[in-house]
Amino acid sequence: MLLRILAIVTPVLLIVLIGYLYARRHRPDLAAMNTLTVDLLSPLLVFSALTARGFDLLANRWLIAGAVAVILGSGLIGWAVARWRGWDTRTFVPPVMFGNTGNMGLPLAVLAFGPAALPPAVALFVATNLLHFTLGARLVNHSASLLGVLKSPMIVASLAGIGCNLAGVALPEWLALPLKLLGDAAIPLMLFSLGARMLDVNLAGWRIGVAGALLCPLAGIALAFVAVAVLPLAPNERAQLFVYASLPPAVLNFLIAERHGQEPDKVASIVLLGNIASLVFVPIGLALSFGA
């Protein structure tokens with residue numbers, strides 16, 4: 001299992017390294033790339049997942065409820081720690097709340113539990129992103145209007161995808177395939193941008209980075225125990241929730257911080273160190289899942 005985890009984490013870190021090395025030589029302008037990723041590619045990634053054939057959103061309602069409990073509880077813990085340490089809550093809290101359910105969570109679920117685990121993992125991915133672009137966006141930018149948040153491409157794509165899923169609408173293959181191909185491009189571009197941003201990380205960024213990297217999975221796993229005890233989750237759902245809770249901070253945290261100018265160098269440090277720390281915490285989540 002450790003080799004499987006390494007097989008997932010190593011490509012992530014290699015793409016980050018490539019972005020870092022490229023940025024050291026060329027100093028690219030990341031604004032256009034990040035705008036493309038947030039406004040087009042990431043929404044298409046979520047829409048494609050929701051409209052995939054055989055995906056039943058309602059069948060995963062209790063698992064989604066558990067994920068929401070982990071997210072909100074982690075946010076409260078992160079807020080308390082940020083206030084105690086004197087860190088800006090807009091920088092520290094979102095990376096503690098929102099885990100890497102895309103490029104790590106999806107393949108990890110399939111490797112650990114088989115192909116049948118993919119639909120629940122997609123449900124967790126969609127729910128996390130929906131909260132990230134509503135509550136998470138407001139946490140980063142307190143002055144963002146509710147109407148503006150609801151009109152964001154990610155929310156529009158999520159609502160459209162949920163509507164298609166509940167109505168049983170399946171896209172024709174000639175349309176579904178190009179949308180999926182564009183959506184899949186979001187993940188490597190996010191990782192490349194993260195690596196490029198690491199040029200700006202300083203000592204203060206490493207301190208907050210270590211704290212966020214540790215708190216995200218620790219708070220998540222603790223809250224998963226609470227959710228498992230309270231919610232009527234099936235054994236396979238309990239297993240997936242523990243893996244979900246052990247995931248590191250999502251790369252999307254960095255892109256949103258970059259867009260709003262909210263100390264993106266510190267957020268990049270949290271995300272990168274968190275993904276390195278996943279070599280320790282994801283095996284813990286898997287061990288808990290096998291005993292769930």
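How many cavities of 30 Å³ or more does the structure hold? In this predicted model, the count is 4. A look at the empty space makes a good starting point, since rolling a probe the size of a water molecule over the atoms shows where such space is left. The largest cavity contains about 170 Å³ of space. Two or more residues of its lining are supplied by each of helix H2 (30-50), helix H5 (101-113), helix H6 (118-140) and helix H10 (186-197). Of these elements, H6 provides the largest share, with 4 residues. In total, 18 residues line the largest cavity, and those nearest its centre are Gly-102, Phe-125, Asn-129, Met-190 and Leu-252. What is the make-up of this lining by class? It is split into 9 nonpolar and 9 polar residues, with no charged residues.

The nonpolar packing comes next. The largest nonpolar core consists of 40 residues, and Val-126, Phe-133, Met-190 and Leu-194 have the most contacts inside it. Elements giving two or more residues to this core are helix H1 (2-26), H2, H5, H6, helix H8 (153-167), H10, helix H13 (252-260) and H14. H6 again deserves attention, as the largest share of the core, 8 residues, comes from this helix. Another core, of 28 residues, lies apart from the largest one and includes Ala-112, Ala-227, Leu-247 and Leu-286. Met-190 links the two themes so far: this residue is among those nearest the centre of the largest cavity and among those with the most contacts inside the largest core.

Phe-133 offers a helpful view of the packing at the level of single residues. Leaving aside neighbours within four places in sequence, Phe-133 is in contact with Val-38, Val-149, Ser-152, Met-154, Ile-155, Leu-252 and Ile-256. One of these partners, Leu-252, is also listed among the residues nearest the centre of the largest cavity.

Is Ser-278, a residue of helix H14 (residues 264-290), buried or exposed? Its relative accessibility is 1%, so Ser-278 counts as buried, the cut-off being under 20%. Beyond residues up to four places away in sequence, Ser-278 touches Val-9, Met-104, Pro-248 and Pro-283.

Helix H3 (residues 61-85) allows a simple check of geometry. At 1.5 Å a residue, its 25 residues should span 36 Å, and the end C-alpha atoms are 36 Å apart, so the two values agree. The buried residues of H3 are Leu-63, Ile-64, Gly-66, Ala-67, Val-70, Ile-71, Gly-73, Ser-74, Gly-75, Gly-78 and Ala-82. Just after H3, Gly-86 adopts a positive phi of about 80 degrees.

Key. Residues are numbered from 1 along each chain as its sequence is written. This is a predicted model: local features need pLDDT of at least 70, side-chain atom pairs count only at pLDDT 80 or more; totals for chains, interfaces and linings use all residues. Side-chain values use heavy atoms; hydrogens and water are left out. On a 1 Å grid over the protein atoms alone, a cavity is a set of points where a 1.4 Å probe fits but cannot get out, and a pocket is an open set with protein on both sides within 12 Å along at least five of seven lines; lining residues have an atom within 4 Å of a point. Grid points are joined across faces, edges and corners, and a volume is the space filled by probe spheres set on the points. Ala, Val, Leu, Ile, Met, Phe, Trp, Tyr, Cys and Pro count as nonpolar, Asp, Glu, Lys and Arg as charged, and the others, Gly among them, as polar. Buried means under 20% relative accessible area, exposed over 50%, partly exposed in between (1.4 Å probe, protein chains only). Contact means heavy atoms within 4.5 Å. A nonpolar core is a set of buried Ala, Val, Leu, Ile, Met, Phe, Trp, Tyr and Cys residues joined through side-chain atoms within 4.5 Å. The expected span of a helix is 1.5 Å times one less than its number of residues.
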